[in-house]
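Reader: Could you walk me through one strand of this model and then work outward from there? I'm after a close look at a single part, with the rest as background.

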Amino acid sequence: MPTLTETKSLTGSFTPEKFAAHLAGLPALPQWWLNRKRAAYERFVALPMPSATDETWRFSTRSTLTLDGFHVPSAGASAAQLHSPIGIKKSAKLVFVNGRLDSREPLAADLTQRGVIVDTLQNALHQHCALVKEHLLAQPPKLGSAKFAALHEAFLTDGAFIYVPKGVEVELPIGVFSYAAGAGAAVFPHTLVVADDNSKVTVVEYFGSSVDSDAHFAVGANDLYASHGSQITYVGKQDWSLSTLSFQLNSTIVRRDARVQSLNLHLGARQARHESLSQLQAPGAFSEMLALTVAHDAQEFDQRTLQIHQAPNTKSDLLYKNALRDHAKTIFSGLIVVDPDAQKTDAYQSNRNLMLSDDCEANSLPGLEIQANDVRCTHGATTSRIDPEQEFYLQSRGIGKEAADELLTFGFFEDVLNRLASDELHAALRTLIQTKFTK
Amino acid sequence: MSLLEIKNLHVAIGEKEIVKGLSLAIRSGEVHAIMGPNGTGKSTLSKAIAGHPDYTITSGDVLLDGKSILALEADERARAGLFLAFQYPSEIPGVSIANFLRAAQQARMAEGEELDASAYYKRLYSKMDLLKIDRKFTSRSVNDGFSGGEKKRCEILQMAMLEPKFALMDETDSGLDIDALRIVADGVNTMRGPNLGVLLITHYQRLLDYIIPDHVHVMYDGRLVKSGDKSLALELEAKGYDWVKKELAIV
């Protein structure tokens, strides 16, 4: 019998029995990884759920963060009903359903011969053990979701492993698709990208539900490692069903003269938390962090970012734009940290919110923590409403409210989309954003 | 053949009555000009007909082909065939003219019907050629950083693409030098024809040197006080608005 003093279970659906069953269902794992998973599960059990006093969860709705009512699927599902959301040419593709490889399009032979690897993490754990061990979930969570990060590590089944050797450029994007199938399915997608010195690669990731009406639980993570002089372009498209609870924890390391551009598009889920960490570790490193969100109905998007400048002459540029409709809510909390010897840091952080209704809510918490004295750091947040004259102008051309919102959202997003070098990718993102207005 | 009827229209902004019983009928093919001093309610009339939410129609009616449009939202009125050319068009950063017009065209199609993109661009380019507008123009954001002349040209292009039954042109000549004025007037004259009715609202006679109206009306204190042909505009130019005021005082 529940009593008033009963405390919420700290494990929810992810009980020790379920964890044991999860481990039993995996193929043989290297001992170090098995140990890490066990340690992660213990951390998950021990850590509390976010509390009211947690500054890293300020403004977040915590009452709807639940671990109950989900299950870890023991198998994938048929891929027949999966929609193909991104019609662009790719150099390789991995499709995961419920954390298991469902299908793949392999790399062209010449790229394989030059040492490029696009494989599953399960294979890479054995065949490229040193690389995986060095980079997989190597950065401790710093943005508040330690409990969920631990859950991800404990229940991670499979994911994508991408390695580009020194000096190799992969021209076409590599696609990673993660689907959740079956009501209540809990999934833990992971993508690990290692770009060796002076290499270049684009990775496009898509998260979706096989059936739009099913509720899922997703805790995804990625690790992007850009070695000296390399370039990674990462585009993540979160399109889970509208009843999904989603967490995505991204970590980026940028080395000397390397450049990482990430663009995260947030469309799906009823409540989605996104944490993004960029560490600029050597001179000349540049991280461009972009995000676009279309929030509608009662959706909540909670974005937390951290740009850490650990070396002199490093640059970061963050631009997060949210378009809000109906009763939607967004939270942006960003921090720029400049270490004492990271002189000549050039850091920028901007959160812009476009309010398309009177009932939506945008919260913004930009922050700076500078310990060096010769830096240029700019941050700011703006929230704007549609000018009624602008609205009337659109209406007077016969454009109704829904279409006007769509048009103004694209106008608002245009400068971010224009930062993508690939026109094809730009067009594919537009198409995907459009689906949000026709649903 | 269409008919736009304004019947004893009263319009208020807040508590203040601006248009005080104005009646006018415009048929397809006709160009009517309304002239009047500042503050007499000319712009209020055009915005109220187009459905601006700040303007309250307190009595009277506006009929398009016999049907009242007053219950329609502004976008519905536009789709029914009305077009308002703005005195001060809004800027819409990030939205190209091509995409803007495409959305306006798409809005006129039935649910589930998709605009044929290649046919749309073909039509857009032919209209631009007709109006002597450079092709690069449509990739610019709507009115964003435009000069006064460019803004008005953008309005004319939209009007050409949307092919309204009736165009309400609010002080289209304001802020234009003589070259820009000529370009805008050429555009309107190009579109003039049996399927278009035009209501030109202007303070000055000079626009009417380029767009010759069929009917000229003088508006004063929220009403039309005098109507005539194009010679009325010239008379007004020669004698000034005080002449109308004096005449009214006598009456």
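In β10(A), which residue is the bridge partner of Val201(A)?

Author: That would be Ile232(A). Before going further, this is a predicted model, where local features need pLDDT of at least 70, side-chain atom pairs count only at pLDDT 80 or more, and totals for chains, interfaces and linings use all residues. As for labels, residues are numbered from 1 along each chain as its sequence is written, while chains are lettered from A and ligands numbered from 1 in the order in which they are written.

So, β8(A). Helices and strands here are DSSP runs, H or I over at least four residues for a helix and E over at least two for a strand, numbered from the N terminus. Nine bridges tie β8(A) to β10(A), and the two run parallel. With β5 of chain A (residues 174-180), β8(A) (residues 200-209) shares seven bridges, again in parallel. On that side, Ser178(A) has Phe207(A) as its bridge partner in β8(A). The strand is mostly covered too, with nine of its 10 residues buried (buried takes 20 or more other C-beta atoms within 10 Å of a residue's own, exposed 12 or fewer, and partly exposed is in between, with C-beta atoms placed from the backbone).

Zoom out and you get an open, mixed sheet of 10 strands in chain A, in the order β2-β1-β5-β8-β10-β12-β14-β16-β18-β20; two strands pair if DSSP finds at least two bridges between them. At the edges of that sheet stand β2 (100-105) and β20 (376-385) of chain A, each with a single partner strand, so one side of each is left without a neighbour in the sheet. From one strand to the next, the twist averages 10° (axes are lines fitted to C-alpha atoms, for helices over the stretch in contact, and angles run from 0 to 180 degrees between N-to-C directions).

Two helices of chain A pack on this sheet. Helix α8 (residues 401-417) of chain A touches β14 (286-295), β16 (315-324) and β18 (346-355) of chain A, and its direction makes about 175° with that of β16(A). Helix α9 (residues 423-438) of chain A is the one that touches our strand: its partners are β8, β10 (231-239), β12 (259-266) and β14 of chain A, and its direction makes about 15° with that of β10(A). For these contacts, the C-beta atoms of two residues, placed from the backbone, lie within 7 Å.

What about the chain around it? In total, chain A has nine helices and 20 strands. Of its 439 residues, 50% are buried. Among contacts in chain A between residues at least 6 apart in sequence, 84% join residues at least 24 apart. Its radius of gyration is 21 Å, which agrees with the value near 22 Å for a compact globule of 439 residues (taken over C-alpha atoms, with the globule rule being 2.2 Å times the number of residues to the power 0.38). Confidence, given as pLDDT per residue from 0 to 100, averages 94 in chain A, and 95% of the residues score at least 70. One stretch to skip is residues 1-7 of chain A, where pLDDT stays under 50 and the model has zero contacts beyond four places in sequence.

Finally, the partner. The contact takes 22 residues from chain B and 17 residues from chain A. On the side of chain B that touches chain A, two or more residues come from each of α2 (74-80), β7 (92-96), α3 (97-107) and α5 (148-162) of chain B. That side divides into 14 nonpolar, four polar and four charged residues; Ala, Val, Leu, Ile, Met, Phe, Trp, Tyr, Cys and Pro count as nonpolar, Asp, Glu, Lys and Arg as charged, and the others, Gly among them, as polar. For the complex, the predictor gives an ipTM of 0.95 and a pTM of 0.90. Chain B itself has nine helices and 12 strands, and its mean pLDDT is 93. One part of chain B worth a glance is α1 (residues 42-50): nine of its nine residues are buried, so the helix is largely enclosed by the rest of the structure. Right after α1(B) comes Gly51(B), with a positive phi near 100°.

Note on methods. pLDDT is the predictor's confidence in each residue, from 0 to 100.
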